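Reader: I would like a close look at a single part of this model, its largest pocket, and then at how the surroundings of that pocket fit into the rest of the chain. Please keep the geometry explicit, since I intend to read your account beside the coordinates.

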Amino acid sequence: GDSVTVCTKIYGGIFLDRSKGAPTFLNAGGNYPDAPLTIVIWADAREKFSEKPEVFYKDKNVCITGKISLYKDKPQIVVYFEKQIVAK
């Protein structure tokens, strides 16, 4: 249940504006579907971002702070605030 900080490259992402919850997924550490970590940004959190996360963070090295959870046996971090992702 502790927060961790993971530093890695964002290889790409997608905004699923028509899906339930309108999630944004960022592929950390590799390309989809082989990314070892997925960053999840729900619509209510996305509204607080100054830029489109799937565009702004693509191909950037970042550090993400948050709790790692598993979704379908794959690790993910749900981001609630822009300050949880720091571009390097």
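Author:

**The largest pocket and its surroundings**

The largest pocket holds about 510 Å³ of space, a value that, like every other one here, is computed from a predicted model. Its lining is made up of 20 residues, and those that lie nearest the centre are Phe 25, Tyr 32, Thr 38, Tyr 71 and Gln 76. Two or more lining residues come from each of strand E1 (4-15), strand E2 (24-28), strand E3 (37-41) and strand E6 (74-78). Among the contributors, E6 gives the most to the lining, with three residues. Sorted by class, the lining has 11 nonpolar residues, five polar ones and four charged ones.

To place these strands in the whole, the protein chain has two helices and seven strands, which follow one another along the sequence in the pattern β-β-β-α-α-β-β-β-β. The radius of gyration is 12 Å, close to the 12 Å that the globule rule gives for 88 residues, so the chain is as compact as a globular protein of that length. Taken along the principal axes, the C-alpha atoms fill a box of roughly 30 × 25 × 25 Å, and buried residues account for 36% of the 88 residues.

Several backbone details deserve attention, and the background to them is that most residues other than glycine have a negative phi, and most peptide bonds are trans. Tyr 32, one of the residues nearest the centre of the largest pocket, is joined to Pro 33 by a cis peptide bond with omega of about 5°. Pro 33 itself is found in the loop between E2 and E3, and both of those strands give two or more residues to the pocket lining.

The loop between strand E5 (68-71) and E6 holds Lys 72, and Asp 73 lies in the loop between E5 and E6 as well. Lys 72 has a positive phi of about 50° although it is not a glycine, and Asp 73, also a residue other than glycine, has a positive phi near 65°. With a relative accessible area of 68%, Lys 72 is exposed, because exposed means over 50%. Asp 73, at 71% relative accessibility, likewise counts as exposed.

The contact between distant parts of the sequence can be followed from Leu 37, which has its place in strand E3. Leu 37 is 38 residues from Pro 75 in sequence, yet the two are 5.3 Å apart in space, C-alpha to C-alpha. At 8% relative accessibility Leu 37 counts as buried, because this lies under the 20% cut-off.

The loop between E1 and E2 offers two further points of reference, Leu 16 and Lys 20. Leu 16 is partly exposed, with a relative accessible area of 26%, and its C-alpha atom is separated by 9.4 Å from that of Ala 43, 27 residues apart along the chain. Lys 20 is exposed, with a relative accessible area of 81%. The C-alpha atoms of Lys 20 and Ile 85 are separated by 23 Å, with their positions 65 residues apart along the chain.

Aromatic rings complete the account, first in their relation to charged side chains. Arg 46 lies over the face of Phe 15, at 3.6 Å from the ring centre. Lys 9 lies over the face of Tyr 11, in this case at 4.9 Å from the ring centre.

As for rings set against one another, a pair of aromatic rings is described by the distance of the centres and the angle of the planes. The count comes to one aromatic pair. That pair is formed by Phe 56 and Tyr 57, with 4.9 Å centre to centre and 85° between the planes, an edge-to-face arrangement. The assignment follows because planes over 60 degrees apart count as edge-to-face. The two partners fall into separate accessibility classes: Phe 56, at 31% relative accessibility, counts as partly exposed, whereas Tyr 57, at 2%, counts as buried.

Key. Residues numbered from 1 in each chain as written. Predicted model: local features only at pLDDT ≥ 70, side-chain atom pairs only at ≥ 80, totals over all residues. Heavy atoms only, no water. Phe/Tyr/Trp six-rings, centres within 6.5 Å; stacked < 30°, edge-to-face > 60°. Buried < 20%, exposed > 50% of the residue type's maximum accessible area, 1.4 Å probe, protein only. Lys NZ or Arg CZ within 6 Å of the ring centre and 35° of its normal. 1 Å grid on protein atoms, 1.4 Å probe; cavity = no way out; pocket = protein on both sides within 12 Å on 5 of 7 lines; lining within 4 Å. Points joined across faces, edges and corners; volume = space filled by probe spheres on them. Helix = DSSP H or I, 4+ residues; strand = E, 2+ residues; numbered from the N terminus. Nonpolar A, V, L, I, M, F, W, Y, C, P; charged D, E, K, R; others polar. Rg over C-alpha atoms; globule rule 2.2 N^0.38 Å.
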